[in-house]
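Reader: I'd love a close look at a single part of this model. Could you walk me through it, and then show me what lies around it?

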Amino acid sequence: MATRSETKTALTSLENLRLETERRNPAQPEFHQAVHEVLETLAPVLAARPEYAEPGLVERLCEPERQIIFRVPWQDDQGRVHVNRGFRVEFNSALGPYKGGLRFHPSVNLGVIKFLGFEQVFKNALTGLGIGGGKGGSDFDPHGRSDAEVMRFCQSFMTELQRHIGEHTDVPAGDIGVGGREIGYLFGQYRRITNRWEAGVLTGKGPQWGGSAMRPEATGYGAVLFAAAMLRERGEDLEGQSAVVSGSGNVAIYTIEKLNSLGANALTCSDSSGYVVDEKGIDLELLKQIKEVERGRVDAYAERRGSSARFVPGGRVWDVPADVALPSATQNELEENDAAALIRNGVKAVSEGANMPTTPEAVHLFQQAGVAFGPGKAANAGGVAVSALEMAQNASRTAWSAERVDEELVRIMDDIHVNCHETAERYGAPGDYVTGANIAGFERVADAMIAQGII
């Protein structure tokens, strides 16, 4: 056990590094937030293990190995030319090829991609699989665009990105705004340019052409499995619990599906226009029809569902009382006031399906109130875990059954929960899954970095 003096020295060093990281990366608040959230938990492990405190190790972990920015010109259906910006941040490859999704959304900028890539390093390490961390995307908005426009954009985007990726180098996947349609167009262009059927270069592919069973479901399913594990640790069961879910995209839909299958009752879904609360529980088939087939808005759900559902324009989904909360939309969507409302209404557990959806102030409030809090790098790691399983299937040119993939997902999420819980206890923070996840991920990456030398 480290002495108080050693811990104080480590805290000072980490605070200096945080300030230097912010100085070197100006105007990137999301990246600053992600780095701060990790650094503020590492003092115990740096104090206890001197090899981690050697100059340069944590500094290298906070600096991406490579940052790529490129122009993406494309033509719309009326013949107008648009120019978007593309990004790929290859953050850390100590454990394997860079792995992380592509996000197409107007909010995308370099700071957002760096925060996502930094989080991905720890998330991927927690899976126990051989994958490093990276992230990419563009400020292109696919919403409201025709299939032909999305195809032309994806082809232009991949024309540049293909120089930097490969199954042994960097393996992108989907994220917000990048689903099966976009992955298909991206893969087609990669194949066209390279003249290779390199299935392992992208994950999230269609099951008929190299994709894995359970990949669309994995992130949402994993977040629910992590919530269930946290409740079990407290002697409770997910069955019979009410749940509030934000978002209505892939993660939210399959979060709701898994909640239903385990006997919980998902009451809400949302998008940028507001949220729906359904007293009978969300009708999953209706939601899928509106969001996946019609690409509509959640207010249409309330119109069609009947008297049990109501739409709240511009409201906060966190005002709805529930036992479990699963933020599944985007970063910093659950703020301090939202956390206070959830706590007043008796929430027992929060499991992050999205990446960093809870602000630091809200996280601290949950922890002070004794709410079980599963951070995204642990709770939503099921998606990238099944992506890595897709890579394994591609490498052997085989396709696993849905039952086998599901068994692997359950095992991996259980291992992540145990690892986070035991690591937190080992470093004097019992029940603190944030500290446990950060340190457990850090130890695995740091050991690989030390073994491979200063590179």
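Which residue in E9 is the bridge partner of Asp 271?

Author: Happy to take you there, with the reminder that this is a predicted model. The partner of Asp 271 in E9 is Gly 274. That bridge belongs to a pairing between E8 and strand E9 (residues 274-278), which run antiparallel and are joined by 4 bridges. The link from E8 to E9 is a hairpin through 2 residues.

Asp 271 itself sits in strand E8 (residues 268-271), whose two faces are both covered. Thr 268 and Ser 270 are buried on one side, and Cys 269 and Asp 271 are buried on the other. The arrangement follows a familiar rule: in a regular strand the side chains alternate between the two faces of the sheet.

Just before E8 in the numbering comes strand E7 (265-266), an edge strand that pairs on one side only. E7 belongs to an open sheet of 5 strands, in the order E7-E6-E11-E12-E13, with parallel pairing. The other edge strand is E13 (372-374). E13 pairs with strand E12 (residues 349-351) in the parallel sense over 3 bridges, and one of the pairs there is Ala 349 with Ala 372.

The surroundings also include a nonpolar core. The largest one has 60 residues, and Leu 259 and Ile 416 are the members that touch the most others. Helix H8 (residues 215-233) gives this core its largest share, 10 residues. Setting aside neighbours within four places in sequence, Leu 259 is in contact with Val 224, Leu 238, Ala 243, Val 245, Ala 264, Ala 266 and Leu 326. Another core, of 41 residues, lies apart from that one and has Val 45, Val 89, Tyr 427 and Ile 439 among its members.

For a second sheet to set beside the parallel one, look at E1-E2-E4-E3-E5, an open sheet of 5 strands with mixed pairing. Its edge strands are E1 (66-75) and E5 (170-174), and the twist averages 20° from one strand to the next. E1 and strand E2 (residues 81-92) run antiparallel and are joined by 10 bridges, with Pro 73 and Val 83 as one pair. Helix H6 (residues 147-161) packs on this sheet, touching E1, E2, E3, E4 and E5, and its direction makes about 145° with that of E1.

One last stop is helix H2 (residues 29-39), which is largely enclosed by the rest of the structure because 9 of its 11 residues are buried. Among them are Phe 31, Val 35 and Leu 39.

Conventions:
Residues numbered from 1 in each chain as written. Predicted model: local features only at pLDDT ≥ 70, side-chain atom pairs only at ≥ 80, totals over all residues. Heavy atoms only, no water. Pairing = 2+ DSSP bridges. Buried < 20%, exposed > 50% of the residue type's maximum accessible area, 1.4 Å probe, protein only. Core = buried A, V, L, I, M, F, W, Y, C linked by side-chain atoms within 4.5 Å. Contact = heavy atoms within 4.5 Å. Axes fitted to C-alpha atoms, helices over the stretch in contact; angles between N-to-C directions.
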